[in-house]
Amino acid sequence: MNTKTKAILIASLFALAGPGAAAAETPAEEVPAAAQAPSSGYDNGFVLRSADGVNRLRISGLFQPQFAAQDPAETENAFFLNRARIGLLGNVFSKDLNYLFVAEFSGASPKLMFLSLDYTFVPDWLAVSVGQMKRPFSRPFITQASSMSMIDRPLTVGPDVFGDSSDIGVMLHNGTSNPFEYSVGVFSGAGPNVVPEKAHPLVGMRVGYNTGGLSQYRESDLEGGAPRFGIGAAALLDFDADGDNQSFTSGLVDAMFKSYGTSLTSAIYVGTRQDGSDWSDQRFSGIGHYTQLGHVIAGRFEPVVRYSFLLPEGPAPDRHEVAGGLNVFFHGHALKLQNVVTVGLQPGGGSDTQDVRFQSQLTLAL
């Protein structure tokens with residue numbers, strides 16, 4: 001997507017946030033005065049809304065400057081911009097037709113993160129999303145970067161680990177407000193911002209059950225309250241339709257528990273890789289796990305700890321990681337300071353490799 005195309009898209013979304021399409025086609029004298037005036041304000045982002053609610057635009061943003069130091073030092077102690085994102089989201093033509101556009105500006109050049117349309121056929125039961133979105137797999141990957149208790153996701157998350165990535169595809173789902181949730185999608189398998197030359201379909205699916213009041217994709221228990229829990233299972237099936245013999249499958253089971261400020265999340269992952277000319281020639285490739293525990297004190301402070309490991313099959317070394325941090329919430333997840341110390345260990349023979357990393361990150365989320 002070039003710069004000109006992005007500019008046209010953004011300008012179009014602003015235009016659609018004005019008076020509703022139906023009202024625009026109706027003579028002004030036939031529309032009540034109150035219905036002619038759009039509204040604007042702040043609601044977890046800056047919002048423009050038509051009076052009938054049919055068209056709505058929310059401008060969101062995420063700004064995360066970070067300081068990081070590591071021993072042994074791979075680079076000099078660094079202050080850098082971890083994330084700088086702008087998002088446009090809302091609905092157009094109908095309250096059931098939603099759009100999402102998110103771009104990342106922290107790197108050398110702007111990068112498209114997400115671009116999708118979502119139409120709800122049956123509220124809480126059936127919706128379809130089309131575009132570039134997250135594959136429905138692990139809970140920590142689905143969780144937004146602004147809503148994580150740790151600065152980084154665990155070792156088990158990543159496109160080269162068990163397959164967590166954004167991708168271009170189509171997905172059926174029922175949202176997250178129903179106690180029972182599901183998502184199943186077919187994706188290109190090539191990852192974000194790539195249109196493969198050959199078909200390379202990847203199927204992703206996730207199902208879960210959550211008790212009432214659980215914010216299952218926000219890690220800290222800032223809401224508080226009586227015990228709540230959620231469980232989920234997910235799978236990724238990467239088919240070898242392009243004949244490159246590089247397919248894989250991944251599966252997981254995860255759980256979340258929250259109670260009066262305490263939050264506990266845990267998951268176990270398994271994976272296979274193709275080892276032959278046929279897709280069915282799958283061999284075990286590794287296992288992963290993480291457990292994270294935090295407790296919010298007085299709605300302001302949260303000590304949090306996490307242990308994760310990756311045990312790959314073959315010559316690659318095992319990896320273990322222990323992290324501890326302290327979050328300071330000035331305005332919930334919208335404005336917080338995170339400080340994390342991580343110890344990574346790669347045991348191997350008689351010489352273990354160990355590194356220690358310190359990170360301090362400020363989050364401003366609109």
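**View 1. The largest cavity of the predicted model.** The largest cavity holds about 40 Å³ of space. The structure shown is a predicted model. The count is one cavity of 30 Å³ or more. Three strands each give two or more residues to the lining of the largest cavity: β16 (319-331), β17 (335-346) and β18 (353-365).

**View 2. Residues that line the largest cavity.** Met-150, Ile-151 and Asp-152 are part of the lining. Arg-306 and Glu-321 also line the cavity, as do Ala-323, Val-340 and Thr-342. Arg-357 and Gln-359 belong to the lining too. By class, the lining has four charged, four nonpolar and two polar residues.

**View 3. The hairpin of β1 and β2.** Strand β1 (residues 39-42) runs antiparallel to strand β2 (residues 46-49). Four bridges join the two strands. Ser-39 stands opposite Arg-49 in β2. Three residues lie between the strands of this hairpin. Asn-44 takes a positive phi near 50 degrees.

**View 4. The largest nonpolar core.** This core has 17 residues. Which of them touch the most other members? They are Phe-137, Phe-162, Phe-187, Leu-202, Leu-236, Leu-252 and Tyr-269. Strands β11 (228-238), β12 (248-259) and β13 (262-274) each supply at least two residues of the core.

**View 5. Another nonpolar core.** This core lies apart from the largest one. It has seven residues. Among them are Leu-88, Tyr-99, Ala-103 and Leu-112.

Conventions: Residues are numbered from 1 along each chain as its sequence is written. This is a predicted model: local features need pLDDT of at least 70, side-chain atom pairs count only at pLDDT 80 or more; totals for chains, interfaces and linings use all residues. Side-chain values use heavy atoms; hydrogens and water are left out. On a 1 Å grid over the protein atoms alone, a cavity is a set of points where a 1.4 Å probe fits but cannot get out, and a pocket is an open set with protein on both sides within 12 Å along at least five of seven lines; lining residues have an atom within 4 Å of a point. Grid points are joined across faces, edges and corners, and a volume is the space filled by probe spheres set on the points. Ala, Val, Leu, Ile, Met, Phe, Trp, Tyr, Cys and Pro count as nonpolar, Asp, Glu, Lys and Arg as charged, and the others, Gly among them, as polar. Two strands pair if DSSP finds at least two bridges between them. A nonpolar core is a set of buried Ala, Val, Leu, Ile, Met, Phe, Trp, Tyr and Cys residues joined through side-chain atoms within 4.5 Å. Buried means under 20% relative accessible area, exposed over 50%, partly exposed in between (1.4 Å probe, protein chains only).
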